[in-house]
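I opened a fresh notebook page for this one and will keep my entries short. Come along as I look things up one at a time.

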Amino acid sequence: MKIDKKIIVNALIALVVYAAVMGLVKGGVLSRQMMSLITPVCVYVMMSVSLSLVVGFLGELSLGHAAFMSIGAYTGCLFLIATKDILPVLVSLLLAVFIGGVAAALLGVIIGIPVLRLKGDYLAIVTLGFGEIIKSVFNSLKITGGAKGLSKIPLVATYKNFTFVFILMLLVILLVSHLVNSRHGRAVCAIRDNYIAAEAVGIPVSRYKILAFVIAAFMAGMAGVIYGANLGILKPANFDYNASIEILVMVVLGGMGSIKGSIIAAVILTLLPELLRGASDYRMLIYAIALIAMMLFNNSSFKRNLTEKRNLQQAEKLSKEV
Amino acid sequence: MGVLLEVKNLGISFGGLRAVDGLNMTINEGALVGLIGPNGAGKTTAFNMLTGVYRPTDGTIMLDGKSLVGKKPAEICQEGVARTFQNIRLFTQMSVLDNVKAALHNSIKYNLATSFLHLPAYFAKEKEMDEEALKILKIFELDSFADTNASNLPYGKQRKLEIARALATNPKLLLLDEPAAGMNPNETKELMDTIELIRKEFKVTILLIEHDMKLVSGICEYLYVLNFGTELAHGTPSEVLNDPRVVKAYLGE
């Protein structure tokens, strides 16, 4: 009964958000600039939720998440270009998203097997280096258009296709939150909390590390395809380490191990810099202040009191039931 | 009763340091055996070899006639060896219930698709896990703390939870590394009762490292004494604790 209520509330929230965005788009209330932000917001929600699986739940610092996004973006978008006259839009987009995800996941396996033997700082450095290597490869390949970028990508994931993008985003959120509350997710969290103890209770640590890493890569790859099919052009410079850090900031500010937090942080941090364009010179200053404010809020006694109060209420309710 | 664990000539070197040398142990099914010795004698190292954390340089470890040497910790756990740690290692950010459920990982299974999609099997298996975990927690009187974060438990209860988690893997052999460390006499007394209870409820063989001689002589049926990595003596508690060599190793001349 308790779980059912939660599902209904979450489904209602999703519906309301969907209806609101659709209403705003159809009603013509939004400026062109705002409309162009709809898809990126969804993309970054997918990115931060998938990265939170690695950083928040597995507890490993990955600084190469944008690289997985770029792999998915390039393979998926090349597929989109190749099939734009052959297949119906939706079929082509669906296949492209899948192919992008698989390509990123494959790379996740190749990178993950050697890299996940490393821990903490070392893993961070290697993933950072890996991201730069991928960027250089796309810079020098002919098929990806080099530094000029891959252009003429069919614009099939803009706000006009919001329904598709939104459903994909919901799917990513749903799959990750389901996974986290399962036998496999528990194994991943156990590894984060104490990998020696996790091994001692029979959890194959390497296998679950790679599993989490590959799932995150797959979802980043899918998000990448949407990103490309919204912009119409892909440049290697879009996926440098700054992009990885931006996603990491969303996860960290959202609160490690909180999917809801990752979503909210992704929405705010994607919208904020664009909304502040009017303030031109002060834009980055305000952005930085907002980051600091969010960080302070996360560590404030105000928030701690809120969570403590909630825990207490839950405990009281539980003791009453018993 | 048959032999459960047979350790022969077990040894390990770290570079030039011979941490454990020529350790022999035979543990019968259902026994409660103690491994004692002064600090730095190699007791925990021996545990680490038994559980696959270290790979022994020489010797054999046979559990129920199967060799454990060269297997990974997770595999050895599946063979039926569970352990607790000297410095408590709980899944600190998870609830007490989830700590035990994580240890049920290999006994109650469902596949990845079920995890992703929360298929009907998910609910059935999770319910089974909840029941099993609560059953174990109840034995340790931890069931009322099921939703508490593991790191918020008081020290004595954290020790208990670690034992509960180890038992959830359904072991044949339970290794306890200094279970009474940092406990006051009352808590130690309670722990002794708990260990007796475990033997009755789970029918498990126990090997424990301990410095508290009251606990050791109170519950252990047989003792092995290590000193500087080698076996100094073995026998019943009264034999061993009155052995002049053992007294010398602990207290000096």
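**Entry 1: the interface**

I started with the area shared by the two chains: chain B and chain A bury about 2,700 Å² between them, and 63% of it is on carbon and sulfur atoms. On the side of chain B, I noted that Phe91(B), His105(B) and Phe116(B) lose the most area to chain A, together 26% of what that side buries. I should add here that this is a predicted model. As a reminder to myself, the size of an interface is often given as the accessible area lost when the parts come together.

How many residues does each chain bring to the contact? I found 33 residues from chain B and 27 residues from chain A.

**Entry 2: polar links across the interface**

Next I looked up the charged and polar pairs. The rule finds two salt bridges across the interface of chain B and chain A. One of them joins the side chains of Arg186(A) and Glu126(B), at 2.9 Å from N to O. I also noted 14 residue pairs in polar contact across this interface, with both residues at pLDDT 80 or more.

Which helices of chain B supply at least two residues each to the side that touches chain A? My list reads helix H2 (73-79), helix H3 (96-103), helix H4 (112-117) and helix H5 (120-139). Sorted by class, that side of chain B has 16 nonpolar, nine polar and eight charged residues.

**Entry 3: a threonine in chain A**

I then turned to Thr127(A), which lies in helix H5 (residues 120-140) of chain A. Is Thr127(A) buried or exposed? Thr127(A) has 1% relative accessibility, so it counts as buried, the cut-off being under 20%.

What does its side chain reach? I found a polar atom of the Thr127(A) side chain 2.9 Å from the backbone oxygen of Leu123(A). The side chain of Thr127(A) also reaches the backbone oxygen of Ala124(A), at 2.9 Å. Setting aside neighbours within four places in sequence, I wrote down the contacts of Thr127(A): Leu61(A), Ser62(A), Leu63(A), Gly64(A), Val115(A) and Phe213(A).

**Entry 4: strands of chain B**

Here I followed strand S1 (residues 3-14) of chain B, which runs antiparallel to strand S2 (residues 17-28) of chain B and is joined to it by eight bridges. Within this pair, Ile12(B) stands opposite Val20(B) in S2(B). The hairpin of S1(B) and S2(B) has two residues between the strands, and Gly15(B) takes a positive phi near 60° there.

S1(B) also pairs with strand S4 (residues 58-63) of chain B, in the antiparallel sense and over five bridges. In S4(B), I found Thr60(B) as the bridge partner of Lys8(B).

**Entry 5: two positive phi values**

Most residues other than glycine have a negative phi, and I looked up two exceptions.

The phi of Asn170(B) is near 60°, a positive value in a residue other than glycine. I placed Asn170(B) in the loop between helix H6 (155-168) and strand S7 (173-177) of chain B. Asn170(B) counts as exposed because its relative accessibility is 62%, and the cut-off is over 50%.

Phe228(B) is not a glycine either, yet has a positive phi of about 50°. Where is Phe228(B) found? I traced Phe228(B) to the loop between strand S9 (222-227) and strand S10 (230-235) of chain B. With 71% relative accessibility, Phe228(B) counts as exposed.

Conventions. Residues numbered from 1 in each chain as written. Chains lettered and ligands numbered in written order. Predicted model: local features only at pLDDT ≥ 70, side-chain atom pairs only at ≥ 80, totals over all residues. Heavy atoms only, no water. Contact = heavy atoms within 4.5 Å. Buried area = accessible area lost by both parts, 1.4 Å probe. Salt bridge = Lys/Arg side-chain N within 4 Å of Asp/Glu carboxyl O. Polar contact = N/O pair within 3.5 Å; in protein donor to acceptor, adjacent residues only side chain to side chain. Helix = DSSP H or I, 4+ residues; strand = E, 2+ residues; numbered from the N terminus. Nonpolar A, V, L, I, M, F, W, Y, C, P; charged D, E, K, R; others polar. Buried < 20%, exposed > 50% of the residue type's maximum accessible area, 1.4 Å probe, protein only. Pairing = 2+ DSSP bridges.
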